[in-house]
Amino acid sequence: MCFMMDPALGRKTCYVQFPQRFDGIDLHDRYANRNIVFFDINMKGLDGIQGPMYVGTGCCFNRQALYGYDPVLTEADLEPNIVVKSCCGGRKKKSKSYMDNKNRMMKRTESSAPIFNMDDIEEGIEGYEDERSMLMSQKRLEKRFGQSPIFTASTFMTQGGIPPSTNPASLLKEAIHVISCGYEDKTEWGKEIGWIYGSVTEDILTGFKMHARGWISIYCMPPRPCFKGSAPINLSDRLNQVLRWALGSVEILFSRHCPIWYNYGGRLKLLERVAYINTIVYPITSLPLIAYCVLPAICLLTNKFIIPEISNYAGMFFILMFASIFATGILELRWSGVGIEDWWRNEQFWVIGGTSAHLFAVFQGLLKVLAGIDTNFTVTSKANDEDGDFAELYVFKWTSLLIPPTTVLVINLVGMVAGISYAINSGYQSWGPLFGKLFFSIWVILHLYPFLKGLMGKQNRTPTIVIVWSILLASIFSLLWVKIDPFISDTQKAVAMGQCGVNC
């Protein structure tokens with residue numbers, strides 16, 4: 001409430017977003033349910049631009065922003081973005097649209113009283129000649145807010161409430177009318193007003209359209225959590241939750257509200273637009289991520305190295321880029337107070353989600369856009385401690401989302417066995433290059449380790465049958481690999497056995 005009542009920021013603040021905090025999560029947060037990096041680094045960083053995005057809960061809204069109005073902006077807010085000014089140069093003459101927008105906003109700023117009341121709507125615009133351009137016709141009001149004069153009048157009250165002249169006896173009847181299921185039909189509700197429909201992640205879309213109109217948002221992080229909830233701690237449920245988020249981002253990417261091209265004449269700041277673009281394109285990173293996770297195994301199977309020979313200049317560029325990323329990560333951790341364990345859990349689940357839920361979201365989004373095939377909406381089940389502490393954590397629920405990460409794990413394990421077998425068969429000189437190849441496969445497996453734990457069931461109680469079958473299959477594959485060696489041609493085998501022939 002302090003932010004909303006602030007004389008300077010209150011009239012242009014659309015909502016105050018709080019971080020989400022959860023109960024009932026296991027001590028080590030195996031599947032990164034707390035989202036510490038997102039809430040304590042990313043969202044906190046957005047607070048310095050135009051404000052954090054709306055995440056669907058733990059948020060307090062300004063009524064005027066939900067009703068689709070523009071914020072009350074100062075003259076400085078109406079100036080073009082500094083990036084536009086630096087690229088296009090200073091303006092010698094302000095455009096007509098800019099002056100009209102400025103005058104309209106400044107008129108709203110002059111008075112804190114209700115802009116309209118019930119008489120304005122019923123009797124027209126008599127007595128308001130100076131604000132004639134700001135008034136909408138009755139038909140337009142019904143198209144925008146619906147056919148309830150009392151509710152429509154209340155939307156113009158800057159401090160909330162209803163007009164004093166309203167008959168109290170009619171309020172109950174009007175309330176029942178407004179909350180009916182068909183009230184919003186053929187209106188702008190869900191398109192320009194209120195929560196925006198058309199996406200599974202309507203929260204991101206709603207906040208984006210508010211920021212595009214020039215509103216700002218505030219991120220409030222008090223030491224004591226203001227909102228707490230429960231999260232899905234089971235692997236399958238967690239992946240289904242991430243799939244829903246990613247699918248919503250893909251839907252926005254292929255819609256007219258995509259931040260890449262939507263509303264470039266509005267008041268959305270450049271860096272805020274970049275942040276929203278990052279929010280809706282991240283599922284596509286699953287495609288190169290799958291390639292990066294499979295390449296180490298391919299290198300071990302084909303006896304090739306993942307990194308080619310590079311020049312000194314390219315090596316220096318790589319070292320500088322790596323150092324800058326490393327330094328940025330350390331500064332973020334120090335600035336936000338996020339621990340190493342939380343950061344590592346975030347990195348691990350980024351790979352797990354990227355190789356499963358994000359990949360499925362891309363293809364499901366394409367099917368919906370190109371073929372009109374819609375997918376079912378799965379409600380995520382939350383944590384439940386009725387059967388014991390974190391009992392849901394150990395439950396194995398099969399879903400198709402588990403197939404891609406399992407495949408990546410198996411391929412890398414097979415590649416490691418193949419690489420070691422080749423080194424044993426080739427002599428000590430092949431062990432040096434092998435360690436470089438093994439590093440990348442081990443790195444992939446370490447990122448997928450929580451996923452592997454989820455497949456195995458009870459924490460720290462891996463089933464004996466899994467260990468026995470793993471050792472048996474690895475031994476059989478190693479022996480077959482040494483015997484068959486499929487990547488060596490018949491000519492090379494003949495040379496190795498001393499049978500050169502005429503081409504010796």
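Let me start with strand S1, residues 13-17, which is joined to strand S3 by 3 bridges, the two strands running antiparallel. One pair you can find on the screen is valine 16, whose bridge partner in S3 is cysteine 60. Please keep in mind throughout that this is a predicted model.

Those two strands belong to an open sheet of 3 strands, in the order S3-S1-S4, and the pairing in that sheet is mixed. Strand S3, residues 59-61, and strand S4, residues 216-219, stand at the edges with a single partner strand each, so one side of each has no neighbour in the sheet. From one strand to the next, the twist averages 20 degrees. Lying across S1, S3 and S4 is helix H10, residues 202-212, which runs at about 140 degrees to S1.

Now to the chain as a whole, which has 21 helices and 5 strands. Of its 504 residues, 40% count as buried, and the chain exposes about 28,800 Å², with carbon and sulfur atoms supplying 64% of that area. If we take the contacts between residues at least 6 apart in sequence, 80% of them join residues at least 24 apart.

Finally, the record: an unreviewed UniProt entry lists several spans as "transmembrane region", among them residues 280-301 and 430-452. How much helix and strand does the model have over residues 280-301? That span is 82% helix and 0% strand, and its end C-alpha atoms are 36 Å apart. For residues 430-452, the model gives 91% helix and 0% strand, with the end C-alpha atoms lying 30 Å apart.

Methods. Residues numbered from 1 in each chain as written. Predicted model: local features only at pLDDT ≥ 70, side-chain atom pairs only at ≥ 80, totals over all residues. Heavy atoms only, no water. Helix = DSSP H or I, 4+ residues; strand = E, 2+ residues; numbered from the N terminus. Buried < 20%, exposed > 50% of the residue type's maximum accessible area, 1.4 Å probe, protein only. Contact = heavy atoms within 4.5 Å. Areas by Shrake-Rupley, 256 points an atom, 1.4 Å probe, with all protein chains shown as cover. UniProt positions renumbered as here; feature names shortened; annotations may be inferred. Pairing = 2+ DSSP bridges. Axes fitted to C-alpha atoms, helices over the stretch in contact; angles between N-to-C directions.
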